[in-house]
Amino acid sequence: DGIENVDVHWMDSKKFVGMTVYRSDGSVIILLDKSIKIKNESNPWEYVKLGAIYSHELSHALNGTKDPYTEEITDIKVWTLLRSDNELTKWVSDWKPL
């Protein structure tokens, strides 16, 4: 699907939590801010936040999408689902890592 061709690196940024970089050679890399690294492995909401940001950047990388379209495809769907579905929200809150 192309996912394996998208390198992911951590960055220190005061402005962005994620960034998709298109290189002059045609390759794409995703940069994620270190602030969204999982700090508390038992907090499922840290995984949701990381996943939402990564999926946003991955959509840019794989589809060449630009905002606001990527936001509508990824972020809004993730957060709208969680806000509107109490059972899903409870399921995430109750999730425990293996």
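In which segment is Val6 found? Val6 lies in the segment before strand 1 (7-11). The legends below describe a predicted model.

**Figure 1. Overview of the protein chain.** The protein chain contains 4 helices and 3 strands. Followed along the sequence, these elements give the pattern β-β-β-α-α-α-α. The C-alpha trace spans about 45 × 30 × 25 Å along its principal axes. The chain has 98 residues, and 30% of them count as buried. Among the contacts with a separation of 6 or more, 40% are between residues 24 or more positions apart.

**Figure 2. Surroundings of Val6.** Val6 belongs to the segment before strand 1. Is Val6 buried or exposed? Val6 counts as buried because its relative accessibility is 10%, and the cut-off for a buried residue is under 20%. Leaving aside neighbours within four places in sequence, Val6 is in contact with Val28, Ile30, Ala61 and Leu62. Thr20 is 14 residues away from Val6 in sequence, and the two C-alpha atoms are 9.7 Å apart in space.

**Figure 3. The largest nonpolar core.** This core is made up of 9 residues: Val6, Val28, Ile30, Leu32, Ile36, Leu50, Ile53, Leu58 and Ala61. Strand 3 (28-33) and helix 1 are the elements that give two or more residues to this core. Helix 1 provides the largest share, with 4 residues. One member of the core is Leu50. Not counting residues up to four places away in sequence, Leu50 touches Trp10, Leu32, Ile36 and Ile38. Of these partners, Leu32 and Ile36 are also listed in the core.

**Figure 4. The hairpin of strand 2 and strand 3.** Strand 2 and strand 3 run antiparallel and are joined by 5 bridges. Within this pairing, Met19 stands opposite Leu31 in strand 3. The hairpin has 5 residues between the strands, and Gly26 takes a positive phi near 95°. In a regular strand, side chains alternate between the two faces of the sheet.

**Figure 5. The largest pocket.** Rolling a probe the size of a water molecule over the atoms shows where empty space is left. The largest pocket holds about 190 Å³ of space. Which residues line the largest pocket? The lining consists of Phe16, Val17, Gly18, Met19, Thr20, Lys49, Ala52, Ile53, His56, Glu57, Asp75 and Trp79. Strand 2 (18-22), helix 1 (44-63) and helix 3 (75-84) each supply at least two residues of this lining. Helix 1 gives the largest share, 5 residues. By residue type, the lining divides into 6 nonpolar, 3 polar and 3 charged residues. Ile53 is part of the pocket lining, and Ile53 is also a member of the largest nonpolar core. Met19 is likewise in the lining, and Met19 is the residue that stands opposite Leu31 in the hairpin.

**Figure 6. Asn86 in helix 4.** Asn86 is found in helix 4, which covers residues 86-94. Is Asn86 buried or exposed? Asn86 counts as exposed because its relative accessibility is 63%, and the cut-off for an exposed residue is over 50%. Asn86 and Lys66 are 20 residues apart along the chain, and their C-alpha atoms are separated by 31 Å.

Notes: Residues are numbered from 1 along each chain as its sequence is written. This is a predicted model: local features need pLDDT of at least 70, side-chain atom pairs count only at pLDDT 80 or more; totals for chains, interfaces and linings use all residues. Side-chain values use heavy atoms; hydrogens and water are left out. On a 1 Å grid over the protein atoms alone, a cavity is a set of points where a 1.4 Å probe fits but cannot get out, and a pocket is an open set with protein on both sides within 12 Å along at least five of seven lines; lining residues have an atom within 4 Å of a point. Grid points are joined across faces, edges and corners, and a volume is the space filled by probe spheres set on the points. Ala, Val, Leu, Ile, Met, Phe, Trp, Tyr, Cys and Pro count as nonpolar, Asp, Glu, Lys and Arg as charged, and the others, Gly among them, as polar. A nonpolar core is a set of buried Ala, Val, Leu, Ile, Met, Phe, Trp, Tyr and Cys residues joined through side-chain atoms within 4.5 Å. Buried means under 20% relative accessible area, exposed over 50%, partly exposed in between (1.4 Å probe, protein chains only). Contact means heavy atoms within 4.5 Å. Two strands pair if DSSP finds at least two bridges between them.
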